[in-house]
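Student: Could you give me a close account of one part of this structure, residue by residue where that helps? Please state the cut-off behind each term as you go.

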Amino acid sequence: MAQPRLTSYERLDGTEVRAVTRYLGERIDTYLPRHPGLRAATEELGKVIDALLDRRRRAPVQRAALLWLSRVLIVVVVAVSVVAVAIAVRDGVARAGSIAAFEWLPVVESLINDLVFAGIAIWFLLSLADRVVRNDLIRRLHRLRSLAHIIDMHQMSKDPAALLPATRPGTVAGDEVVSPRTMSVRDYALYLDYCSELLSLCSKAAALCAEESTDALVLDTVSEIENLTTGMSRKIWQKISLLRDAPRT
């Protein structure tokens with residue numbers, strides 16, 4: 001029976017995520033051309049997504065190669081263990097008449113050790129492909145987490161207090177001098193909104209990693225990044241809400 005075809009609502013499409021990232025970069029070029037730092041962060045995110053898409057294309061071949069290698073090594077381990085046990089048993093049987101009962105203990109202990117080490121080696125090889133995939137995805141997720149923090153640093157330098165009537169630019173507020181106003185209300189709102197969208201795209205890129213693995217560590221890291229970007233976006237929208245009180249000049 002043929003397998004049902006996956007629709008766009010059953011699996012996150014990485015090419016669409018990349019297209020949205022590219023479109024966001026075009027919007028930044030159009031509406032905020034004087035802010036290359038934000039544009040650079042968008043390009044960096046695009047590179048991360050491109051690497052994820054390239055990895056998805058190569059993943060089946062890589063996994064098949066690792067599975068083939070692990071199976072070959074398992075056969076070698078089993079063969080060596082069987083030969084070693086057979087030789088030990090043969091020698092023991094041949095010398096059974098001349099060996100005292102207590103002298104069998106080292107032989108039995110050696111056989112048990114060989115079987116235990118063989119079992120550990122087989123378990124290690126059986127999980128080799130999954131561990132390679134997990135380590136690669138975790139490395140990419142760590143990069144996404146770092147990128148999310150960099151984007152958050154961009155928005156932290158944009159203080160809407162400089163636009164509010166209570167703190168006119170260039171005046172003293174308490175013991176500190178408010179920085180001169182360098183951006184319009186429109187540019188502030190766009191900048192903060194684009195930062196929020198970048199954080200959302202970081203979350204989508206992390207979700208692409210979850211499409212590739214069901215490993216508990218990978219899924220936990222994806223959830224952690226989603227929670228992180230959601231919290232950062234919440235802070236951004238608190239700033240955007242303050243801009244409603246700013247004069248439109």
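Tutor: Let us begin with accessibility: a residue is called buried under 20% relative accessible area, exposed over 50%, and partly exposed in between, with a 1.4 Å probe and protein chains only. The model is predicted, so local features need pLDDT of at least 70 and side-chain atom pairs pLDDT 80 or more, while totals for chains, interfaces and linings use all residues. Residues are numbered from 1 along each chain as its sequence is written, and side-chain values use heavy atoms, without hydrogens and water.

The account centres on helix α6, with its surroundings taken afterwards. The protein chain holds six helices and two strands, where helices (H or I, at least four residues) and strands (E, at least two) are DSSP runs numbered from the N terminus. Along the sequence they follow the pattern α-α-α-α-β-β-α-α. Of the 249 residues in the protein chain, 35% are buried. Contact here means heavy atoms within 4.5 Å. Among contacts between residues at least 6 apart in sequence, 82% join residues at least 24 apart.

Helix α6 covers residues 216-242, which is 27 residues. The expected span of a helix is 1.5 Å times one less than its number of residues. For α6 that gives 39 Å, and because its end C-alpha atoms lie 40 Å apart, the two values agree. Helix α1 (residues 14-31) behaves in a similar way, with 18 residues reaching 26 Å, close to the 26 Å expected.

At the start of α6, a side-chain oxygen of Asp-215 comes to within 2.9 Å of the backbone nitrogen of Leu-217. The buried residues of α6 are Val-218, Thr-221, Val-222, Ile-225, Thr-229, Met-232, Ser-233, Ile-236, Lys-239 and Ile-240. The elements that cover them include α4 (128-156) and α5.

Ile-236, in helix α6, shows this covering at the level of one residue. Ile-236 counts as buried because its relative accessibility is 0%. Leaving out residues up to four places away in sequence, Ile-236 touches Gln-155, Leu-192, Cys-195, Ser-196 and Leu-199. Tyr-191, 45 residues from Ile-236 in sequence, lies 10.0 Å from it in space, C-alpha to C-alpha.

Helix α5 (residues 185-212) also contains Asp-187. Asp-187 is buried because its relative accessible area is 10%. Its side chain makes a polar contact, at 2.5 Å, with the side chain of Arg-186. A polar contact is a pair of N or O atoms within 3.5 Å; within protein, one must be able to donate a hydrogen and the other to accept it, and residues adjacent in sequence count only if both atoms are side-chain atoms. Beyond its neighbours within four places in sequence, Asp-187 is in contact with Tyr-31, Leu-32 and Arg-34.

Helix α1 has its own buried set, consisting of Gly-14, Val-17, Arg-18, Thr-21, Leu-24, Gly-25, Arg-27 and Ile-28. Gly-25 and Ala-40 are 15 residues apart along the chain, and their C-alpha atoms are separated by 8.9 Å. Ala-40 belongs to helix α2 and counts as partly exposed because its relative accessibility is 42%.

The empty spaces come last. On a 1 Å grid over the protein atoms alone, a cavity is a set of points where a 1.4 Å probe fits but cannot get out; a pocket is an open set with protein on both sides within 12 Å along at least five of seven lines; and lining residues have an atom within 4 Å of a point. Points are joined across faces, edges and corners, and a volume is the space filled by probe spheres set on them.

By this rule there is one cavity of 30 Å³ or more. The largest cavity holds about 40 Å³, and Leu-52, Leu-53, Arg-55, Arg-56, Leu-208 and Glu-212 line it. Two or more of its lining residues come from each of α2 (36-94) and α5, with α2 giving the most, four residues.

The second largest pocket has a volume of about 180 Å³. Its lining residues include Arg-55, Arg-63, Asp-130, Glu-212 and Asp-215. Helices α2 and α4 each supply at least two residues of this lining, and α2 gives the most, with five. The lining divides into three nonpolar, three polar and five charged residues, where Ala, Val, Leu, Ile, Met, Phe, Trp, Tyr, Cys and Pro count as nonpolar, Asp, Glu, Lys and Arg as charged, and the others, Gly among them, as polar.
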